Amino acid sequence: MSERPQTVTVLGATGSIGTSTLDVLARHPERYRVHALTAHRAREALLAQCRAHRPALAVIDREEDAAWLRERLREAGLATEVRAGPEALVEVSEAPEVDVVMAAIVGAAGLLPTLAAVRAGKRVLLANKEALVMSGGLFMDAVARSGATLLPIDSEHNAIYQCLPVEHRGGLARHGVTRLLLTASGGPFRGWSRETLAAVTPDQACAHPNWSMGRKISVDSATLMNKGLELIEACWLFDARPDQVQVVVHPQSVIHSMAAYSDGSVLAQLGNPDMRTPIAYGLAWPERIAAGVEPLDLFAVARLDFEAPDEEAFPCLRLAREAMAEGGTAPAVLNAANEVGVDAFLDGRLGFAGIGELVARVREACPVEAAGELEGILAADARARREARAWLARR
Ligand SMILES: NC(=O)C1=CN([C@@H]2O[C@H](COP(=O)(O)OP(=O)(O)OC[C@H]3O[C@@H](n4cnc5c(N)ncnc54)[C@H](OP(=O)(O)O)[C@@H]3O)[C@@H](O)[C@H]2O)C=CC1
Ligand SMILES: CC(=O)[C@@H](O)[C@H](O)COP(=O)(O)O
Ligand SMILES: [Mn+2]
């Protein structure tokens with residue numbers, strides 16, 4: 001353990017991962033000090049977090065919410081400085097006094113602050129998978145150049161990280177790894193046909209069988225786009241080809257993923273489905289700290305089941321695999337179209353099956369370019385969002 005407490009910025013502090021992160025941090029005040037907390041609209045929640053964790057800085061999107069927060073903090077006698085807007089997210093990610101950044105903003109909005117943390121050489125705890133999906137090659141190059149310590153928080157990738165040798169860069173084959181087995185719960189509609197999926201509601205889609213998560217990732221789990229994004233994420237994190245990543249539906253979500261080796265061994269990481277485990281792992285690596293998670297009771301679990309994903313009823317997984325195989329800006333286009341589609345579904349403007357259809361149409365409409373520069377990736381993201389909105393308006 002280092003001699004002084006590590007200072008931590010939590011991007012997306014008011015979300016599901018953000019609140020779990022603060023729960024783990026609060027269990028170890030001798031190890032961690034909160035530097036900055038950020039939110040988008042949830043000013044009441046951010047105020048409560050500032051009272052509890054007393055960060056040096058708080059960031060919120062709109063100036064009017066920042067003014068409201070400043071006033072409440074002043075009344076409470078707290079010295080937290082409040083800043084507003086996306087530039088402030090970058091500032092609290094790259095500030096020299098910050099050691100660790102938890103990247104837990106949802107969606108493309110997390111890309112610039114996460115990349116800023118990487119470029120500043122921080123320990124980056126990556127929950128925001130969309131950032132890596134959009135900018136994979138550029139992102140991993142930035143990690144290599146800056147010497148940032150990148151630790152995957154997504155439960156599957158955290159599990160695979162734990163199952164790989166400590167030094168696993170340079171390709172899986174070099175380390176005797178033949179396949180990564182990415183587990184999927186199958187979501188709330190596992191076993192449903194394409195026809196029965198047509199009428200599902202946002203609340204049904206957000207009722208994940210095993211995990212309590214934000215609404216966007218919950219819908220992604222229900223369409224299997226989450227597994228598609230995770231397949232892309234695994235390729236970048238572990239230097240794997242898409243055909244080396246096998247998706248295995250495992251409805252209990254007890255095995256969080258596995259690595260298969262050339263000698264026939266398969267290493268798995270198991271645990272109760274509670275994100276505080278990977279969060280604590282990322283915070284303390286290579287040490288281990290308590291996370292407040294109940295010990296796994298295998299007698300209560302009783303059985304572990306496995307099945308193949310149904311890519312006919314859930315086409316998003318195939319669309320993601322194809323985007324990764326095509327490369328360039330294809331994953332950024334896929335991600336942007338999906339974000340627009342999920343928003344429209346959650347607002348009641350698009351049916352559940354329409355999400356995959358929208359993604360497929362936007363992929364057809366957007367040319368794939370090289371993804372070596374951030375400007376090109378952001379332009380592809382913007383173009384895909386325009387195409388997606390136009391498609392929604394035309395229907
Ligand atoms: N939840 C989970 O268990 C897991 C999540 N992940 C990934 O982690 C990320 C976060 O997920 P989750 O915690 O579920 O999401 P939530 O929706 O619960 O939280 C999202 C957070 O991001 C903030 N936010 C939303 N939009 C913006 C924006 N435009 N600019 C700045 N901040 C914004 C929200 O602020 P506000 O509250 O003010 O809206 C909130 O703090 C996602 O990328 C997800 O895929 C990965 C694995 C598991
Ligand atoms: C907790 C976590 O990492 C989520 O991404 C989870 O994996 C979602 O579950 P499924 O996508 O497997 O349904
Ligand atoms: Mn996951």
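Begin by selecting ligand 2 in this predicted model, where the surrounding residues are Asp154, Ser155, Glu156, Ala184, Ser185, Gly187, Trp211, Ile217, Ser221, Asn226, Lys227 and Met275. If you colour this shell by residue class, it divides into four nonpolar, five polar and three charged residues. Next, add the helices that contribute to the shell around ligand 2: helix 7 (155-163), helix 10 (215-223) and helix 11 (225-238) each supply at least two of its residues.

Keep helix 10 displayed and move to ligand 1, because the shell around ligand 1 also receives at least two residues from helix 10, as it does from helix 1 (16-26) and from helix 6 (129-146). Ligand 1 is surrounded by 27 residues, and the closest of them are Gly12, Gly15, Ala42, Ala109 and Gly214. Helix 1 deserves its own selection at this point, since the largest share of the shell around ligand 1, three residues, comes from helix 1. Coloured by class as before, the shell around ligand 1 separates into 13 nonpolar, eight polar and six charged residues.

Now hide the ligands and select the open sheet of seven strands, which has the order 4-3-2-1-5-6-7 and parallel pairing. At its edges you will find strand 4 (81-84) and strand 7 (149-152), each of which pairs on one side only. Looking along the sheet, you can follow its twist from strand to strand, with neighbouring strands turned by 20 degrees against each other on average, direction ignored.

Within this sheet, zoom in on strand 1 (residues 6-11) and strand 5 (residues 100-103), which run parallel and are joined by four bridges. To pick out one bridge, select leucine 11 together with its partner in strand 5, alanine 103.

From there, turn to helix 2 (residues 43-53), which lies across strand 2 (32-38) and strand 3 (57-60), and whose direction makes an angle of about 165 degrees with strand 2.

Finally, zoom out to the whole protein chain, which has 17 helices and 11 strands. Its radius of gyration is 20 Å, close to the 21 Å that the globule rule gives for 395 residues, so the chain is as compact as a globular protein of that length. Along the principal axes, the C-alpha trace spans about 55 × 55 × 45 Å. If you colour by burial, buried residues make up 47% of the 395 residues in the protein chain. For a contact map, note that among contacts between residues at least 6 apart in sequence, 69% join residues at least 24 apart.

Terms used:
Residues are numbered from 1 along each chain as its sequence is written. Chains are lettered from A and ligands numbered from 1 in the order in which they are written. This is a predicted model: local features need pLDDT of at least 70, side-chain atom pairs count only at pLDDT 80 or more; totals for chains, interfaces and linings use all residues. A residue is near a molecule or strand if its C-beta atom, placed from the backbone, lies within 6 Å of it. Ala, Val, Leu, Ile, Met, Phe, Trp, Tyr, Cys and Pro count as nonpolar, Asp, Glu, Lys and Arg as charged, and the others, Gly among them, as polar. Two strands pair if DSSP finds at least two bridges between them. Axes are lines fitted to C-alpha atoms, for helices over the stretch in contact, and angles run from 0 to 180 degrees between N-to-C directions. Two residues are in contact if their C-beta atoms, placed from the backbone, lie within 7 Å. The radius of gyration is taken over C-alpha atoms; the globule rule is 2.2 Å times the number of residues to the power 0.38. A residue is buried if 20 or more other C-beta atoms lie within 10 Å of its own, exposed if 12 or fewer, and partly exposed in between; C-beta atoms are placed from the backbone.
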